[in-house]
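Me: I've just opened this one and I'm new to it. Could you walk me through it, one question at a time?

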Amino acid sequence: MSEVRIAAELRTEFGKGAARKIRRADKVPAVLYGHGTDPRHLTLPGHEVLLALRTANVLIHLQGEVDELALPKGVQRDPIKGFVEHVDLLLVKRGEKVTVEIPVTVTGDVVGGALLDQQLVTVSVEAEATHIPAGVEVDVEGKEVGFAVNASDLNLPNGVTLAGDPEALVLHVVAAQVAELPAEGEAVAAEAAEGEAPAEAAE
């Protein structure tokens with residue numbers, strides 16, 4: 001997993017007014033915490049943060065007034081414009097294990113007449129902070145009704161272990177639902193009933 005280098009400045013002004021001032025300068029307020037240390041309040045360049053957050057579980061190498069490795073653990077975005085308003089960063093060290101959610105990607109197509117029902121789009125895993133996988137793939141090409149994958153069946157990379165429930169259903173293949181057509185006799189009876197309705201109303 002590659003590292004994204006981002007310049008970090010320590011900040012001493014807090015509150016909504018200070019945060020708005022930072023955002024007007026196209027920067028993002030952030031907090032770095034973890035390993036029993038006191039939280040450090042930072043200012044990060046907005047564009048670089050936006051680009052970095054496009055990658056799930058991106059490892060950020062903070063440089064400048066702070067020289068640390070961190071993982072984004074909480075991101076606040078503007079609900080309308082989508083820009084990043086604030087970031088919580090978890091301090092990590094090289095070689096240490098962290099628990100993160102990674103996406104489950106499905107490839108291939110199931111057989112005709114069947115449907116794929118994906119229950120989980122992410123799974124919780126434990127991995128080294130500097131070797132977090134981008135995700136895990138499941139190939140469903142040609143799979144038939146009854147095929148199922150539990151979390152324990154996922155093919156995780158070396159050094160990565162499942163952190164969630166191993167029996168959790170990730171996906172399964174089910175039969176496509178077909179609407180039942182009424183039998184011929186039922187259809188005739190229904191049409192007759194519909195034809196009688198106006199006469200009954202007239203009476």
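Me: Let's start with a pair of strands. In which sense do strand β1 and strand β4 pair?
Reply: Bear in mind that this is a predicted model. Strand β1 covers residues 3-10 and strand β4 covers residues 59-64, and six bridges link them. Val4 has Ile60 in β4 as its bridge partner. The sense of the β1 and β4 pairing is parallel.

Me: And on to β5: which residue there is the bridge partner of Ile60?
Reply: β4 pairs with strand β5 (residues 68-77) in the antiparallel sense, over three bridges. A hairpin of three residues joins β4 to β5. Within that pairing, the β5 partner of Ile60 is Ala70.

Me: What do the strands β1-β3-β2-β6-β5-β4 form together?
Reply: There are six strands in that run, and their pairing is mixed. From one strand to the next, the twist averages 45°. What they form is a closed barrel.

Me: Which helix packs on that sheet, touching β2, β3 and β6?
Reply: The helix in question spans residues 16-24, while β6 spans 84-92. Its direction makes about 120° with that of β2. That's helix α1.

Me: Which residue of β3 stands opposite Leu32?
Reply: Strand β2 (residues 27-34) and strand β3 (residues 37-45) pair over seven bridges, in the antiparallel sense. In general, strands of a sheet pair through backbone hydrogen bonds. Opposite Leu32, in β3, you'll find Arg40.

Me: There's an open sheet too. Which of its strands stand at the edges?
Reply: This sheet has three strands in the order β8-β13-β11, with antiparallel pairing. An edge strand here has a single partner strand, so one side of it is left without a neighbour in the sheet. That describes β8 and β11.

Me: By what angle are neighbouring strands of the open sheet turned against each other on average?
Reply: The order to follow is β8-β13-β11. Ignoring direction, the average turn between neighbouring strands of this sheet is 15°.

Me: Which residue of β13 stands opposite Asn150?
Reply: β11 pairs with strand β13 (residues 169-175) in the antiparallel sense, and three bridges connect the two. Opposite Asn150, in β13, stands Leu169.

Me: Is Val173 buried or exposed?
Reply: Val173 sits in strand β13. Leaving out residues up to four places away in sequence, Val173 touches a list of residues including Val110, Leu115, Leu116, Val145 and Phe147. Its C-alpha atom is 6.4 Å from that of Ala148, 25 residues apart along the chain. Since the relative accessible area of Val173 is 3% and the cut-off is under 20%, Val173 is buried.

Me: What separates the C-alpha atoms of Ala114 and Lys143?
Reply: Ala114 is in strand β8, residues 114-118. Ala114 counts as buried because its relative accessibility is 11%, and it touches Val145, Val173, Val174 and Ala176, not counting residues up to four places away in sequence. Along the chain, Ala114 and Lys143 are 29 residues apart; their C-alpha atoms are separated by 8.8 Å.

Me: What about Thr130: with which side chain does its own side chain make a polar contact?
Reply: Thr130 lies in the loop between β9 (122-128) and β10 (136-139). At 11% relative accessibility, Thr130 counts as buried. The contact spans 3.1 Å, and the partner is the side chain of His131.

Me: Stepping back, how much of the chain counts as buried?
Reply: The secondary structure comes to three helices and 13 strands. The chain exposes about 12400 Å², with 51% of that supplied by carbon and sulfur atoms. Of the 203 residues, the part that counts as buried is 33%.

Me: Last one: which element has the lowest mean pLDDT?
Reply: Across the chain the mean pLDDT is 88, and 86% of residues reach 70 or more. Over residues 197-203, though, pLDDT stays under 50, and the model has zero contacts there beyond four places in sequence. Where pLDDT is low, the predicted coordinates should not be read in detail. Strand β11 (residues 148-150) has the highest mean, 98, while the lowest, 51, belongs to helix α3 (residues 184-202).

Notes. Residues numbered from 1 in each chain as written. Predicted model: local features only at pLDDT ≥ 70, side-chain atom pairs only at ≥ 80, totals over all residues. Heavy atoms only, no water. Helix = DSSP H or I, 4+ residues; strand = E, 2+ residues; numbered from the N terminus. Buried < 20%, exposed > 50% of the residue type's maximum accessible area, 1.4 Å probe, protein only. Polar contact = N/O pair within 3.5 Å; in protein donor to acceptor, adjacent residues only side chain to side chain. Pairing = 2+ DSSP bridges. Areas by Shrake-Rupley, 256 points an atom, 1.4 Å probe, with all protein chains shown as cover. Axes fitted to C-alpha atoms, helices over the stretch in contact; angles between N-to-C directions. Contact = heavy atoms within 4.5 Å. pLDDT = per-residue confidence, 0-100.
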